[in-house]
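Please keep the viewer open while reading, and make each selection in turn before going on to the next stop.

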Amino acid sequence: MPPLSLGAFYNPHLAPVILNKAESFGHLAMADPPDRQDPAWPRIRDRFTLLLHDYLGQLSEPFGSDEVTRARALLDQYRSPWAAEHLQRIRPSSPFPATGPAVQLDYVFPPVYTEDLLADYIRHAKAFREQLGVPLAMEPIPTYLHLDIAQLSEPAFLHRFCDGSGCHLLLDLAHVWLSARYAGLRPRDLLLEYPLRHAIELHVAGCARDPDLDGPWIAPVLPDQDILDLAELAVKHAPELRAITFDAFSPLLSSETLLAGIGLLHERFGVKG
Amino acid sequence: MTGRSLHDALLQVLGDGVIRSRLASHDPHLGTLLGSEEHEVLRRVPGDRLQRMARFLARHYYRERIVRLFRHVRSLVSHTGRDPLAVLTTSAGDELLDRAVLGSFETARALLDLIEGCLTDQDDSITQGHPYWRDLVRYQAAMFLVEATSSTNALATEAPGGGGAPSRSGSVTILDLDWDIPSVVAQFRAGHQAIPMSLRTPTSLLIARSRHHRVTAIRCPDAIRRLVESLDGRTGVEALAEASRLSVPQVERLLDQLKEIGAIC
């Protein structure tokens, strides 16, 4: 197994802290392009391996030339060794003409795991990966709303997606925990069903109660022992794993939480001795 | 029914409070809009879970827009005690989120009414310390509303055929302020608390939304105002130059810039 890089998301308001503790961060994941007025950006770019984790587009549809050009520009700017995108679907194929504006959720939302969408995701992700010229990793999103139709399980969909598209897997352990929670499954059992041999990166973060959902959801908080244990189990089954990222990205994130999060990763997965 | 058609219908239901209300009231005609099989599947989703997910998504949708488009107002929270995000946790905010049509002008307008109330009701003590406060709120409110405005051709019905002449986008708003808000913002971003009175000067801004939904504000001197007001889809570049009292090369450069920010479609 290649050496694991331990890192976090780049939160611009915490740039001084990140630069001050630079040795703790093997990489930084970029959820947004840098602000032109971010004074720390030139030093961040020079100092760290950067991973492209921006919203690039919806891979159930073919990417337009604008989307490919933007992704390539970000890739060049970051010199990112791979790109990541969510396995999500946040806008319909075309607007419903009889209703209001075209819906776009602006928040990660999973597709239904049907054969027709699988074929579309495979075709478009393969084409996009070839246009990028670097590995492309897909990150599944937990399902809160279950529809009463025949469909593949999320792990089965991902096995066939990775095999068919040549893409890698980016697995967020909090997502796995939530998917298991809302499907009534044991997280460890569900985790081992994913195509972990394709995993190139893990995300580790915590969950907190969301009042709207009346249950746990992704939150920019520290992972608990269950999530860290899941991450440890995933590492054992992921021979191509290159990086683990503390997945907390929020303007409200404190420096204490960021440093505690990266500290937990070093405790569990850092080089011993 | 395909997975795609079902998911399209689900997204539409989640993003549109009116459709959700029709689904909850068993409107038999909804199948015509969503597809009959899709409608049947979505009717079987527990209503409370659907509503919870929809409210969750709506809260994220508008929280992101308030954070982005009211960022200067929010940067003064420690001085003013007024945070526009607070409206999303009021009962009126919850009620609005439940019937929101994501991306619609009407929902943005209704939410903005709540936000403006939160920011400007009994704000005398704020305007004493920050005399540009009301203009800052108007500026950010205009950005918020333009973001939800269609960028299609505002004059399409007035200029059938188009003729290839540049036409003003429906998202364009020109805002007349008493304070030079771009300079005010630059001052407090640089950490200056005392804003010079010299910045109390009539200032016009043109705000537009690009096709990538990016909202941009630029200064709008009289020549640009005259140019933009003449963009009716029928007037050619030479006539635009005459109307705006600019040279043809100046108009051509400005048209390129206006197109870039979405002021021309």
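**A first look at chain B**

Begin by selecting chain B and colouring it by secondary structure, which comes to 15 helices and 3 strands. Keep in mind throughout that this is a predicted model. Turned along its principal axes, the C-alpha trace of chain B fills a box of roughly 60 × 55 × 25 Å. Of the 265 residues in this chain, 38% count as buried. If you display contacts in chain B between residues at least 6 apart in sequence, 64% of them join residues that are at least 24 apart.

**The side facing chain A**

Now show chain A as well, and select the 31 residues of chain B that are in contact with 30 residues of chain A. On the chain B side, helices α1 (3–15) and α5 (47–69) are elements that each supply at least two of the touching residues. Which helix gives the largest share of this side of chain B? It is α5(B), with 11 residues. Colouring the touching side of chain B by residue class gives 14 nonpolar, 8 polar and 9 charged residues.

**The sheet of chain B**

Next, hide chain A and select the 3 strands of chain B, which form an open sheet in the order β1-β2-β3 with antiparallel pairing. The strands β1 (173–177) and β3 (215–219) of chain B stand at the edges, and each has a single partner strand, so one side of each is left without a neighbour in the sheet. Looking across the sheet, you will find a twist that averages 25 degrees from one strand to the next.

As a general matter, strands of a sheet pair through backbone hydrogen bonds, in either a parallel or an antiparallel manner. To follow one pairing here, zoom in on β1(B) and on β2 (residues 203–209) of chain B, which run antiparallel to each other over 5 bridges. Label Leu177(B), and opposite this residue you will find Thr203(B) in β2(B).

**The nonpolar core**

For the last stop, bring chain A back and turn to the largest nonpolar core, which has 143 residues. Which residues have the most contacts inside this core? They are Leu169(A), Leu173(A) and Ala234(A). The largest share of the core, 10 residues, nevertheless comes from a helix of chain B, namely α11 (residues 133–147).

Finally, centre the view on Leu169(A) and select the residues that it touches, leaving aside those up to four places away in sequence: Ala137(A), Met138(A), Leu158(A), Cys162(A), Tyr194(A), Pro195(A), His198(A), Ala199(A) and Ile200(A).

Conventions: Residues numbered from 1 in each chain as written. Chains lettered and ligands numbered in written order. Predicted model: local features only at pLDDT ≥ 70, side-chain atom pairs only at ≥ 80, totals over all residues. Helix = DSSP H or I, 4+ residues; strand = E, 2+ residues; numbered from the N terminus. Buried ≥ 20, exposed ≤ 12 C-beta atoms within 10 Å, placed from the backbone. Contact = placed C-beta atoms within 7 Å. Nonpolar A, V, L, I, M, F, W, Y, C, P; charged D, E, K, R; others polar. Pairing = 2+ DSSP bridges. Axes fitted to C-alpha atoms, helices over the stretch in contact; angles between N-to-C directions. Core = buried A, V, L, I, M, F, W, Y, C linked by C-beta atoms within 7 Å.
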